[in-house]
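Colleague: I am new to this one. Can we go through it step by step?

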Amino acid sequence: MRKTMMAAAALLAMGWSGHAAAFCGFYVAKAGSSLFNEASKVAIARSEDRTVITMANDYQGDPTEFAIVIPTPVVLKESQVNVA
């Protein structure tokens with residue numbers, strides 16, 4: 001009975017959750033640089049042991065000053081990262 005009540009409470013809590021707003025990482029720049037990003041869109045797809053993250057950022061500024069840090073659960077090889 002207790003497990004059923006806990007499961008029901010968890011489902012009820014999930015039903016009350018609102019829109020999630022998050023960003024997968026953060027921008028980095030040299031001291032004195034200014035970074036501007038009005039919005040970011042992220043889509044995540046997972047199949048078996050492969051996860052694909054598609055990000056669209058409207059970064060405004062000098063591209064030579066731009067860097068983004070995205071945390072991952074494991075160290076990636078260069079061949080596993082694609083920038084389009």
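Colleague: By class, what residues does the lining of the largest pocket have?
Modeller: Keep in mind that this is a predicted model. Three classes share the lining of the largest pocket. Charged residues number 3 and polar ones 7. The nonpolar residues number 16.

Colleague: Which residues lie nearest the centre of the largest pocket?
Modeller: The lining of this pocket is made up of 26 residues. Five names lie nearest its centre: Thr 51, Ile 53, Leu 76, Gln 80 and Val 81.

Colleague: Which element gives the largest share of that lining?
Modeller: Two elements give two or more residues to the lining of the largest pocket: strand 2 (40–47) and strand 3 (50–57). One of them gives 7 residues, the largest share. That element is strand 3.

Colleague: How much space lies in the largest pocket?
Modeller: Here the volume is what counts. The figure for the largest pocket is about 1100 Å³.

Colleague: In what order do the elements of the protein run?
Modeller: The protein has 1 helix and 4 strands. Start from the N terminus, where the helix comes before the strands. The order is α-β-β-β-β.

Colleague: What percentage of the residues count as buried?
Modeller: A buried residue has under 20% relative accessible area. The protein has 84 residues. The share that counts as buried is 2%.

Colleague: How much of the accessible surface belongs to carbon and sulfur atoms?
Modeller: The accessible surface of the protein comes to about 7700 Å². Carbon and sulfur atoms hold 61%.

Conventions:
Residues numbered from 1 in each chain as written. Predicted model: local features only at pLDDT ≥ 70, side-chain atom pairs only at ≥ 80, totals over all residues. Heavy atoms only, no water. 1 Å grid on protein atoms, 1.4 Å probe; cavity = no way out; pocket = protein on both sides within 12 Å on 5 of 7 lines; lining within 4 Å. Points joined across faces, edges and corners; volume = space filled by probe spheres on them. Nonpolar A, V, L, I, M, F, W, Y, C, P; charged D, E, K, R; others polar. Buried < 20%, exposed > 50% of the residue type's maximum accessible area, 1.4 Å probe, protein only. Areas by Shrake-Rupley, 256 points an atom, 1.4 Å probe, with all protein chains shown as cover.
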